[in-house]
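Here is a walk through one protein model, from the overall fold to single residues. Keep the structure in view while reading.

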Amino acid sequence: MATDLATDEPVLSAINPDDLRTRSRADLVYDALRDAIWEGRIARGERVREEEVARSLGVSRTPVREALQRLQQRGLLVNRLGRGLIVAELGKREVIELYAMREILEGSAARFAAQHAARPEIEILYRLQRELAAAPDDALLLVKLNRRFHQAIYDAAHNQYLTQTLDVLHDAMALLHSATFRVPNRRAESDEEHRRIVAAIERHDADEAEAIAREHIRQAQRTRFAALIGAT
């Protein structure tokens with residue numbers, strides 16, 4: 001886990017001391033590991049060693065231990081006899097269940113956003129949608145921008161319990177690694193779906209916003225399974 005073979009860069013970089021002013025060490029370790037799993041820098045099935053993480057991030061083993069426990073509770077890490085903690089791997093049934101819950105929750109977030117979003121929040125959504133549509137074909141950049149766009153919808157929904165549930169769900173989505181808009185033609189379709197979601201939110205059409213958001217997730221699931229079948 002020392003370096004990413006594709007980029008020859010460290011998988012984990014030392015924590016910025018400035019971040020410690022507002023976040024705990026355990027929270028920063030958790031985010032660093034989750035993002036590394038999400039972006040594929042730590043592969044599915046790869047072992048995660050407490051002492052190695054502590055050394056890479058420049059922290060003691062206590063916050064690392066706390067972060068690893070949280071990652072286990074969220075299902076991102078599992079303990080395997082003889083191997084220790086490894087990154088979890090999702091089977092087809094688990095992926096289907098994950099997308100089923102995501103469809104419900106993303107649809108609800110879009111519905112609530114259509115009901116409660118203020119004008120500044122709608123302008124933020126349009127800005128992020130345009131930024132994502134205009135971004136270069138950089139896989140990691142697209143993943144990050146996509147997450148920011150969907151997070152803005154959750155924020156506009158103004159429902160703390162929905163946001164907390166989606167936070168757990170999106171941690172689990174990290175185990176899928178790749179984004180479906182990397183598939184040829186899917187990115188253009190996804191950009192259009194994003195635009196239509198924001199337009200429905202702007203019109204405060206809750207039914208339409210939810211329907212488009214749910215179809216957006218269903219299409220992402222279809223694309224993912226089609227890509228998996230094509231790769232076998």
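Buried residues make up 46% of the 232 residues in this protein. The model is predicted. Its accessible surface comes to about 12200 Å². Carbon and sulfur atoms account for 49% of that surface.

Next, the fold. The protein has 9 helices and 4 strands. Read from the N terminus, the order is β-β-α-α-α-β-β-α-α-α-α-α-α. Contacts reach far along the chain: of those with a separation of 6 or more, 73% join residues 24 or more positions apart.

A139 gives one example of distance in sequence set against distance in space. This residue sits in helix α6, which spans residues 139-157. A139 and E39 are 100 residues apart in sequence, yet their C-alpha atoms are 8.9 Å apart. A139 is partly exposed, because its relative accessibility is 31% and the buried class ends at 20%.

E39 also takes part in a salt bridge. Its side chain meets that of K144 at 3.9 Å, N to O. This pair links distant parts of the chain: K144 belongs to helix α6, E39 to the loop between α1 and α2, and their positions lie 105 residues apart in the numbering. The two ends differ in cover. K144 is partly exposed at 42% relative accessible area, while E39 is buried at 16%.

The structure holds 33 salt bridges in total. Another one joins E51 and R61, again at 3.9 Å, N to O. Here the partners are 10 residues apart, with E51 in helix α2 and R61 in helix α3, residues 61-73. E51 counts as partly exposed at 37% relative accessibility. R61 counts as partly exposed too, at 42%. Elsewhere, salt bridges that share partners form one network of R23, D31, R34, D35, R74, R147, D167 and D171.

Within that network, look at D31 and R34. Their side chains meet in a salt bridge of 3.5 Å, N to O. The two are separated by about one helical turn, because they are 3 residues apart in helix α1. Both D31 and R34 are buried.

Now turn to two buried residues in the later helices. R102 lies in helix α4, residues 92-116. It counts as buried because its relative accessibility is 8%. Leaving aside neighbours within four places in sequence, R102 is in contact with G107, H150, L169, H170, M173 and I217. H194 lies in helix α8, residues 186-202. At 1% relative accessibility, H194 is buried as well. With the same neighbours left aside, its contacts are Q129, L132, N146, F149, H150 and H216. H150 thus appears among the contacts of R102 and of H194.

Two loop residues have a notable backbone. Most residues other than glycine have a negative phi. H158, in the loop between α6 and α7, has a positive phi near 55°. H204 has a positive phi near 60°. H204 is found in the loop between α8 and α9, and is partly exposed at 46% relative accessible area.

Finally, the surface. R47, R49, R80 and R83 form a positive patch there. One of them, R49, is placed in the loop between α1 (25-38) and α2 (50-57). R49 is partly exposed, with a relative accessible area of 35%. R49 can join a patch because patch residues need over 30% relative accessible area and no salt bridge.

Note on methods
Residues numbered from 1 in each chain as written. Predicted model: local features only at pLDDT ≥ 70, side-chain atom pairs only at ≥ 80, totals over all residues. Heavy atoms only, no water. Patch = residues over 30% accessible without salt bridge, like charges linked within 9 Å, V, L, I, M, F, W, Y side chains within 5 Å. Areas by Shrake-Rupley, 256 points an atom, 1.4 Å probe, with all protein chains shown as cover. Salt bridge = Lys/Arg side-chain N within 4 Å of Asp/Glu carboxyl O. Lys, Arg positive; Asp, Glu negative; His and termini not counted. Charge placed at Lys NZ, Arg CZ, Asp CG, Glu CD. Buried < 20%, exposed > 50% of the residue type's maximum accessible area, 1.4 Å probe, protein only. Contact = heavy atoms within 4.5 Å.
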